[in-house]
Amino acid sequence: MISVIIPAHNEKENLLQLLPVLFSLAASHDVEVIVCLSRDTNDNSDKINGFNQLRHVSCNKKGRAVQMNGGAQKAKGDILVFLHADVKPPENFFRDIKQTIDQGNDAGFFSYKFDKENFFLNLNASFTTKDGIFTGGGDQCLFIKKETFDELGGFNEKQVLMEDFEFFKRMKRKGVSYKIVNNDLIVSSRKYDNNSYLRVNLTNFLLVILFKLGYKAEKLKKLHNSLLRLPYQNNIQKV
């Protein structure tokens, strides 16, 4: 079984678009979907139903790492898939996951493209087809054997920003084998709506460098929120 874990904070509209697509792709596979709602979710996301193999998990503490760990603890599958609520999976999504694991890999990521055509956004997306400084970001959708995830101790719940990069850092340190699947996810460009391309990219680059230099997660979170205008503030969990 594959367990898809979706951390969500006031993402009802995105979930209503994502879940039908996800379950349609899962029709010929053994898949469950776990939506892990933040403690402060108040948009009735937990009322979404009508799908077999859909479960909701409510978390008592804040943080996306908390949500993803909570979903992993409840998961019945041998493979865990961590998918953002505003990311749309491609055709052959589940086949690619199974095939990657069957080839002997312990984990994998997907390449992606943005949901609107733009030269600079396309340039950004092109870097997700191979290993690089931004590999391991959550938009790339980590999938991993559950036993490997458990051996690594799950996500660090003190890492309130860039928990995905911190986890990937431990993956590499432990020699976990992984593959980047070149079958594009569709990623929301909403971060760019109220921020310039240059502003978003310089902020991302700065945060990655500071993370690698060992800056504390709380400082990274505050810096992120001070540098970027966030039109989807209701979808951001405060530290």
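Here are four short exercises, with worked solutions, on a predicted model.

**Exercise 1. The second largest pocket**

Work out which helices line the second largest pocket and what classes of residue the lining holds.

*Solution.*
- Start with the space: the second largest pocket holds about 180 Å³.
- Next, list who lines it. Among the lining residues are Asp 131, Ile 133, Phe 165, Phe 168, Lys 169, Lys 172 and Phe 211.
- Now map the lining onto helices. H6 (163-173) and H7 (197-212) each supply at least two residues, and H6 has the largest share with 4 residues.
- Finally, sort by class: you get 5 nonpolar, 4 charged and 2 polar residues.

**Exercise 2. The largest nonpolar core**

Find which element gives the most residues to the largest nonpolar core, then look at what Val 4 touches.

*Solution.*
- The largest nonpolar core has 39 residues, and Val 4, Ile 6, Val 33, Phe 93 and Phe 94 have the most contacts inside it.
- Elements giving two or more residues to this core include strand S1 (2-8), helix H1 (12-25), strand S2 (31-37) and helix H3 (93-102).
- H1 comes out on top, with 6 residues.
- Zoom in on Val 4. Leaving aside residues up to four places away in sequence, Val 4 touches Leu 22, Val 31, Glu 32, Val 33, Ile 34, Val 81, Leu 83 and Phe 94.
- Don't stop there: a second, separate core has 22 residues, including Cys 36, Ala 65, Phe 155 and Tyr 178.

**Exercise 3. A salt bridge between distant parts of the chain**

Take the salt bridge between Arg 64 and Glu 163 and decide whether each partner is buried, partly exposed or exposed.

*Solution.*
- The two side chains meet at 2.9 Å, N to O.
- Place the partners: Arg 64 sits in helix H2 (residues 64-74) and Glu 163 in helix H6, 99 residues apart.
- Arg 64 has 32% relative accessibility, so it counts as partly exposed.
- Glu 163 has a relative accessible area of 3%, and buried means under 20%, so Glu 163 is buried.

**Exercise 4. Two more pairs and a network**

Do the accessibility check for Lys 47 with Asp 46 and for Asp 96 with Arg 95.

*Solution.*
- The structure holds 13 salt bridges; one of them joins Lys 47 and Asp 46 at 3.5 Å, N to O.
- Lys 47 is exposed because its relative accessibility is 53%, while Asp 46, at 38%, is partly exposed.
- In the salt bridge of Asp 96 with Arg 95, the closest N and O atoms are 3.4 Å apart.
- Asp 96 is buried at 8%, whereas Arg 95 is partly exposed at 43%.
- Last step: salt bridges with shared partners join Glu 11, Asp 86 and Arg 190 into one network.

Definitions and conventions: Residues numbered from 1 in each chain as written. Predicted model: local features only at pLDDT ≥ 70, side-chain atom pairs only at ≥ 80, totals over all residues. Heavy atoms only, no water. 1 Å grid on protein atoms, 1.4 Å probe; cavity = no way out; pocket = protein on both sides within 12 Å on 5 of 7 lines; lining within 4 Å. Points joined across faces, edges and corners; volume = space filled by probe spheres on them. Nonpolar A, V, L, I, M, F, W, Y, C, P; charged D, E, K, R; others polar. Core = buried A, V, L, I, M, F, W, Y, C linked by side-chain atoms within 4.5 Å. Buried < 20%, exposed > 50% of the residue type's maximum accessible area, 1.4 Å probe, protein only. Contact = heavy atoms within 4.5 Å. Salt bridge = Lys/Arg side-chain N within 4 Å of Asp/Glu carboxyl O.
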